[in-house]
Amino acid sequence: MQIKKEYIRKQIANAAKGLYLQNGFIKTSMRDIADKAGVSVSNLYNYFENKNELFGYIVSPLIKEMEQILRDHNNARYNEQFLQFSNGENNEMMPEHMKVYIKLIANHQDELRLILFKAQGSAWENYIDEYTDKCTRQVIEFMNNFKRQHPHIGMVCTSFTYHIHTVWMFSFISEIIKHNLSLKETEWALADYIRFEYDGWRLIMNNMEGS
């Protein structure tokens, strides 16, 4: 019985995802979802309380992975690697971060499309803005601690620069999703972007005028 219930739940989620992708959150009703999933509206409510809960269920794997990325980056264990990077002694951060973003895009294209373009009216319509704000605060805290430990390292002048740096990444991902790049095209574009970005950071960090 539990297996059947889980099957129906996934059947409903797949139907809802297709409708959300096609019509957006606002223009999709619970009746539309029930019809496409082949269940009654009353039975649909046995599985999901409302459209928001259903939308959240669909994007939850993406949210979970994005929150893990936030926890994994800009923490104390990156300190030594980041110092080596700034000195030009270690380039491992670039391919590591590229793998993270490739995995995110490759595994969650539909969920990214939903969050970026189809979430208006849902509880997740401001998720990217909230995520970038949280990421900005984390980056500033990391960089301030890093500066205290390594005062010879140059830093950017304003916290807004860190914010823009975070926003750019999601603008980049948005364009990849919007233009339906293949995996190989995504890899090439990400390699160019990350090389451009990291070379810029290294230049700033070795320029004491930016401290």
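Two residues are in contact when heavy atoms of theirs lie within 4.5 Å. The exercises below use this on a predicted model.

**Exercise 1. Find which residues K134 touches, leaving out those up to four places away in sequence, and describe its salt bridge.**

Step 1. Locate the residue. K134 lies in helix α8, which covers residues 127–149.

Step 2. List the contacts. With residues up to four places away in sequence not counted, K134 touches E67 and L70.

Step 3. Test for a salt bridge. The cut-off is 4 Å between a side-chain nitrogen of Lys or Arg and a carboxyl oxygen of Asp or Glu. The closest N and O atoms of K134 and E67 are 3.3 Å apart, and the two residues form a salt bridge. This pair links distant parts of the chain, with K134 in helix α8 and E67 in helix α4, 67 residues apart. Side chains of opposite charge can pair when their charged atoms come close.

Step 4. Classify both partners. Buried means under 20% relative accessible area, and partly exposed runs from there up to 50%. K134 has 34% and is therefore partly exposed; E67 has 18% and is therefore buried.

**Exercise 2. Describe the salt bridges of D110 and of E187.**

Step 1. Take the total. The structure holds 5 salt bridges.

Step 2. Take D110. Its side chain meets that of K17 in a salt bridge of 3.7 Å, N to O. Because D110 lies in helix α7 (residues 109–117) and K17 in helix α1, the pair ties together parts that are 93 residues apart in sequence.

Step 3. Take E187. Its side chain meets that of K184 at 3.2 Å, N to O. E187 and K184 are 3 residues apart in helix α10, so about one helical turn separates them. E187 is partly exposed at 23%, and K184 is partly exposed at 44%.

**Exercise 3. Decide how the rings of F25 and F55, and those of F172 and Y193, are arranged.**

Step 1. Take the total. There are 9 aromatic pairs in the whole structure.

Step 2. Take F25 and F55. Their ring centres are 5.7 Å apart and the angle between the planes is 90 degrees, an edge-to-face pair. F25 is in the loop between α1 and α2 and F55 is in helix α4, so the pair ties together parts 30 residues apart in sequence. Both F25 and F55 are buried.

Step 3. Take F172 and Y193. The centres are 4.5 Å apart and the planes meet at 25 degrees, so this pair is stacked. F172 belongs to helix α9 and Y193 to helix α10, 21 residues apart.

Step 4. Look around F25. Ring pairs link Y20, F25, F55 and W124 into a cluster. K51 lies over the face of F25, 4.3 Å from the ring centre.

**Exercise 4. Compare the span of helix α10 with the expected one, and say what covers its buried residues.**

Step 1. Take the span. Helix α10 (residues 183–205) has 23 residues and reaches 32 Å from its first C-alpha to its last, close to the expected 33 Å.

Step 2. Find the buried residues. Among them are T186, L190, Y193 and W201.

Step 3. Name the cover. It includes α5, α6, α8 and α9.

**Exercise 5. State what the phi of N180 is and where N180 lies.**

Step 1. N180 has a positive phi of about 50 degrees, although it is not a glycine. Most residues other than glycine have a negative phi.

Step 2. N180 is in the loop between α9 and α10. N180 counts as exposed because its relative accessibility is 53%.

Notes
Residues numbered from 1 in each chain as written. Predicted model: local features only at pLDDT ≥ 70, side-chain atom pairs only at ≥ 80, totals over all residues. Heavy atoms only, no water. Helix = DSSP H or I, 4+ residues; strand = E, 2+ residues; numbered from the N terminus. Buried < 20%, exposed > 50% of the residue type's maximum accessible area, 1.4 Å probe, protein only. Expected span 1.5 Å × (residues − 1). Phe/Tyr/Trp six-rings, centres within 6.5 Å; stacked < 30°, edge-to-face > 60°. Lys NZ or Arg CZ within 6 Å of the ring centre and 35° of its normal.
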